[in-house]
Each structure stands twice: as structure tokens, then as C-alpha cells.
Amino acid sequence: MPKKNKEIWIFGNPDLKNDSLPFKILPSLKKEFPQTDFVIKDPNEEWSLPQKLTIIDTILGLEDITIFTSLDQFKDVPRLSLHDFDLLTNLRWLNKINKLPPFAIIGLPPNTPTKKAAQETIKLIY
């Protein structure tokens, strides 16, 4: 099997409707990017960080699919679930101890139609 050349982390909860969109688009992403390793992560586990971190996650309060490249962009974004709080808290902690690599978070509004979310996310990954 060929070596994967990129890793993208997937966050969310497939059992919660408002947090499952990253899992719903995962088959389309895997088909479009067969050389990418999509890794399902938990915000509370210990992470072995890549040199560049790419995350796909549901973010409540967004109107459009958005790329975040700075933690400062999250100041005004409401965090209504423990999942959102934990991920952001972990990223801020890594930043504080100078361990956070350059990153891009592709934020998906929870009510985005699956097909649209997949198409737009594919464009953003290219």
C-alpha cells in the first residue's frame, strides 16, 4: 500500500446530528484524496502533532464553511458544546506552551447540506 502523503484530523460525534457533518462527508473526502490519511481524533486525547495541522470540525454559530488559521478568530464564535470547548482549550494550551504548529481548521456549520459541505471542503483542501 502506498504511503499517505498528508494527514487531516476529523473531529465531531457521529451520534449527534449537530456534530456529525465531518463524518458524513468523510467518504467523499477519502474518495477525492486517496493519498490523504483522515484520522478521527478526540479533543481530550494526547496528540502527536504533525508539522502542519489540518482539522475538519463542526463549529456552531457559523453561517458559511470557514477556514480558521488563528486562534484569535474564535473569540466571538459561540461554543455551545463541551466538544467545542475542549478542542479550542487544547489548541490554546498547545499555543501557550509553544507546541502548536501552523494550522488550518475547516469549520463546518452543522446544518450545511452534506453534498455542499463535501464539495466546498474538497475545494478548500486543494
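User: I'm new to this one, so let's start with a single residue: is Thr54 buried or exposed?

Analyst: Buried. This is a predicted model, and in it Thr54 has a relative accessible area of 9%. The cut-off for buried is under 20%, so Thr54 falls on the buried side.

User: Where does Thr54 sit, and what does Thr54 touch?

Analyst: Thr54 belongs to strand S3. Leaving out residues up to four places away in sequence, Thr54 makes contact with Lys6, Glu7, Ile8, Trp9 and Ala104.

User: Let me try another residue. In which element is Thr58, and is Thr58 buried or exposed?

Analyst: Thr58 is in strand S3 too. With a relative accessibility of 1%, Thr58 counts as buried. For a look at how the chain folds back, try Pro22: Thr58 and Pro22 are 36 residues apart along the chain, yet their C-alpha atoms are separated by 6.7 Å.

User: What about the loop that comes before S3? Where is Lys41, and is Lys41 buried or exposed?

Analyst: Lys41 lies in the loop between strand S2 (36–40) and strand S3 (53–58). Its relative accessibility is 17%, so Lys41 counts as buried. Setting aside residues up to four places away in sequence, Lys41 touches Trp9, Ile10, Phe11 and Trp47.

User: And how does Asp42 read?

Analyst: Asp42 is in the loop between S2 and S3 as well. With a relative accessible area of 34%, though, Asp42 is partly exposed. Beyond its neighbours within four places in sequence, Asp42 is in contact with Phe11 and Trp47. The C-alpha atoms of Asp42 and Gly12 are 8.1 Å apart, with the two positions 30 residues apart along the chain.

User: Can we zoom out? How many helices and strands are there, and in what order do they run?

Analyst: The protein has 3 helices and 5 strands. Starting at the N terminus, the order is β-α-β-β-β-α-β-α.

User: What share of the residues is buried, and how much area does the protein expose?

Analyst: Of the 126 residues, 44% are buried. The exposed area is about 7700 Å², and 51% of that comes from carbon and sulfur atoms. For the contacts, take pairs at least 6 apart in sequence: 80% of these join residues at least 24 apart.

User: How do I read a pair of packed helices?

Analyst: Here's the general idea: two packed helices are described by the angle between their axes and the distance between the axes. Now the case here. The axes of helix H1 (residues 21–32) and helix H3 (residues 114–125) come within 9 Å and cross at roughly 55°. H1 and H3 are therefore oblique to each other, and their crossing is right-handed.

User: Which residues meet between H1 and H3?

Analyst: On the H1 side there are Leu21, Lys24, Ile25, Ser28, Leu29 and Glu32, and they meet Thr114, Ala117, Ala118, Thr121, Ile122 and Ile125 of H3. By type, the residues of this contact split into 7 nonpolar, 3 polar and 2 charged.

User: One last thing: what should I look for in the phi of Asn98?

Analyst: Its sign. As a general point, most residues other than glycine have a negative phi. Asn98 has a positive one, near 60°. You'll find Asn98 in the loop between helix H2 (82–96) and strand S5 (103–108), where Asn98 is exposed, with a relative accessible area of 71%.

Key: Residues numbered from 1 in each chain as written. Predicted model: local features only at pLDDT ≥ 70, side-chain atom pairs only at ≥ 80, totals over all residues. Heavy atoms only, no water. Helix = DSSP H or I, 4+ residues; strand = E, 2+ residues; numbered from the N terminus. Buried < 20%, exposed > 50% of the residue type's maximum accessible area, 1.4 Å probe, protein only. Contact = heavy atoms within 4.5 Å. Areas by Shrake-Rupley, 256 points an atom, 1.4 Å probe, with all protein chains shown as cover. Axes fitted to C-alpha atoms, helices over the stretch in contact; angles between N-to-C directions. Parallel < 35°, antiparallel > 145°, perpendicular 65-115°, else oblique. Left-handed = near helix turned anticlockwise from the far one by under 90°. Nonpolar A, V, L, I, M, F, W, Y, C, P; charged D, E, K, R; others polar.
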